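Reader: I am new to reading protein models. Could you take me through one part closely, and show what surrounds it?

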Amino acid sequence: MGTFCSVIKFENLQELKRLCHWGPIIALGVIAICSTMAMIDSVLWYWPLHTTGGSVNFIMLINWTVMILYNYFNAMFIGPGFVPLGWKPENSQDSMYLQYCKVCQAYKAPRSHHCRKCNRCVMKMDHHCPWINNCCGYQNHASFTLFLLLAPLGCIHAAFIFVMTMYTQLYNRLSFGWNTVKIDMSAARRDPLPIIPFGLAAFAATLFALGLALGTTIAVGMLFFIQMKIILRNKTSIESWIEEKAKDRIQYYQLDEVFVFPYDMGSQWKNFKQVFTWSGIPEGDGLAWPVRKDCHPYSLTIEQLKQKADKRVRSVRYRVIEDYSGACCPLNKGIKTFFTSPCTEEPRIRLQKGEFILATRGLRYWLYGDKILDDASVEVVLD
């Protein structure tokens with residue numbers, strides 16, 4: 001009962017607005033289409049319910065759907081957990097190792113980062129996921145990863161149903177001139193015949209659902225392996241990027257030092273238990289974290305401060321030579337620029353000829369950086 005209540009106990013009803021976003025609409029649409037078509041195909045045309053195998057198959061399809069939706073809504077509505085507004089470390093001297101967030105009016109706890117979409121500092125932030133319209137972090141990392149595991153498994157089951165339905169229903173209807181080819185289809189014969197015939201509309205819907213299922217299996221499956229890779233190292237996506245920047249900084253300045261990631265517990269099992277627990281509640285409070293014996297408690301945040309200072313030194317200043325409307329995928333900047341638009345919800349900003357930007361990193365056709373204003377700057381993705 002307590003677990004169920006954790007799903008429906010929103011901070012307020014405004015959380016339901018998270019559903020009104022293209023990410024959840026598409027994700028739930030794919031789940032609904034694949035689940036519904038798999039059940040219809042199975043019951044009507046492939047594996048009827050009056051057989052033992054058909055009943056077990058139908059129960060498994062319902063089970064996949066329930067578990068997928070349970071973890072999806074857990075990840076969306078429970079959320080990642082936010083650093084309390086106005087938070088500061090118990091030991092005031094520790095604040096020298098932490099960054100201060102002007103928006104939240106609080107220090108950023110270790111492993112936390114400010115999310116522009118959520119407008120809060122997120123505990124152990126991994127990334128902001130548009131598909132759940134929320135951040136993935138401390139509290140919902142396990143649910144999010146389980147969703148990434150269960151969705152491909154459910155889609156594989158559904159894809160098998162789609163393929164077998166089309167195979168068994170179309171075998172005796174299609175002739176490719178191969179009259180000499182004989183295949184035993186006795187197992188596919190149904191008695192009595194289906195109440196609703198497998199027509200063109202059913203074929204088109206099944207084929208469409210098969211494409212969604214296969215695409216989801218590949219795309220979401222890849223995300224699952226990426227997540228498990230960093231979880232077994234007790235990292236987040238952001239921390240993996242920080243580690244890469246640390247190595248780059250050391251190599252750039254040819255420093256005689258080695259960066260050691262402080263939160264790796266020394267074994268994959270211990271790292272795994274930092275996220276997945278039998279109670280469903282992750283270890284710790286999201287503000288303080290155990291570190292390796294040979295590391296400073298704030299070694300990662302100290303590295304972030306170093307990188308922030310290095311960012312100012314190594315940033316390149318550019319002068320805008322052509323107006324840019326701030327469009328996400330500008331058509332008037334060339335085909336290559338259009339198709340290489342970064343897959344991120346970070347804001348693009350309107351630029352006018354003669355303005356200046358401070359680029360911190362870049363791709364071939366896009367730059368990440370700040371627009372230089374009179375007294376402040378706004379971090380953006382620039383064309």
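**The core and the parts around helix α6**

Author: Start with the largest nonpolar core, which has 26 residues. Val83, Trp87, Cys115, Met125, Cys135, Leu287 and Leu300 touch the most other members. Keep in mind that this model is predicted. Two elements, β4 (120–122) and α6, give two or more residues to this core. Of the elements, α6 gives the most, with four residues.

Take Met125 from that list. Beyond its neighbours within four places in sequence, Met125 is in contact with Arg111, His113, Cys115, Cys135, Cys136, Gly137, Thr236 and Ile238. Two of these, Cys115 and Cys135, are also among the core members that touch the most others.

There is a second, separate core too. It has 23 residues, including Ala27, Met76, Leu150 and Ala151.

Now go to the loop before α6. Asn234 lies there, between α5 (200–231) and α6 (237–253). Is Asn234 buried or exposed? Its relative accessible area is 1%, under the 20% cut-off, so Asn234 counts as buried. Which residues does Asn234 contact, leaving aside neighbours within four places in sequence? They are Arg111, Lys124, Glu239, Phe261, Tyr263, Asp264, Met265, Asn271 and Gln274. Arg111 is a contact of Met125 as well.

Next come the charged pairs. Side chains of opposite charge can pair when their charged atoms come close. A search of the whole structure finds seven salt bridges. One of them joins Glu243 to Lys235, with the closest N and O atoms 2.3 Å apart. Glu243 is buried, at 11% relative accessibility. Lys235 is buried too, with a relative accessible area of 10%.

Arg249 forms another salt bridge, this time with Glu303. Their closest N and O atoms are 2.8 Å apart. Arg249 lies in helix α6 and Glu303 in helix α8 (residues 299–314), so the pair ties together parts that are 54 residues apart in sequence. Both residues of this pair are buried.

Compare Asp294 and Arg292. Their closest N and O atoms are 3.4 Å apart, and they form a salt bridge. Asp294 is exposed, at 55% relative accessibility. Arg292 is partly exposed, with a relative accessible area of 29%. Sharing of partners also matters for reading these pairs: Arg249, Glu257 and Glu303 are joined into one network by salt bridges.

Leave α6 now and look at helix α4 (residues 141–170), the place of Ile156. Ile156 counts as partly exposed, at 48% relative accessibility. Together with Leu146, Leu149 and Leu153, Ile156 makes a nonpolar surface patch of about 290 Å².

The UniProt record adds a label here. Its unreviewed entry lists residues 25–47, 53–73, 146–167 and 195–226 under "transmembrane region". Over residues 146–167 the chain is 100% helix and 0% strand, with the end C-alpha atoms 32 Å apart. Over residues 195–226 the chain is 84% helix and 0% strand, and the end C-alpha atoms are 45 Å apart.

Finally, step back to the whole chain. It has nine helices and 10 strands. Of its 383 residues, 42% are buried. The chain exposes about 22,300 Å², and carbon and sulfur atoms supply 63% of that area. Among contacts with a separation of 6 or more, 65% come from residues 24 or more positions apart.

Definitions and conventions. Residues are numbered from 1 along each chain as its sequence is written. This is a predicted model: local features need pLDDT of at least 70, side-chain atom pairs count only at pLDDT 80 or more; totals for chains, interfaces and linings use all residues. Side-chain values use heavy atoms; hydrogens and water are left out. Buried means under 20% relative accessible area, exposed over 50%, partly exposed in between (1.4 Å probe, protein chains only). Contact means heavy atoms within 4.5 Å. UniProt positions are given in the numbering used here, feature names are shortened, and annotations may be inferred rather than shown by experiment. A nonpolar core is a set of buried Ala, Val, Leu, Ile, Met, Phe, Trp, Tyr and Cys residues joined through side-chain atoms within 4.5 Å. Patches are made of residues with over 30% relative accessible area and no salt bridge: like charges are joined within 9 Å, nonpolar side chains (Val, Leu, Ile, Met, Phe, Trp, Tyr) within 5 Å. Accessible areas come from the Shrake-Rupley method with a 1.4 Å probe; for residues, only the protein chains shown count as cover. A salt bridge is a side-chain nitrogen of Lys or Arg within 4 Å of a carboxyl oxygen of Asp or Glu.
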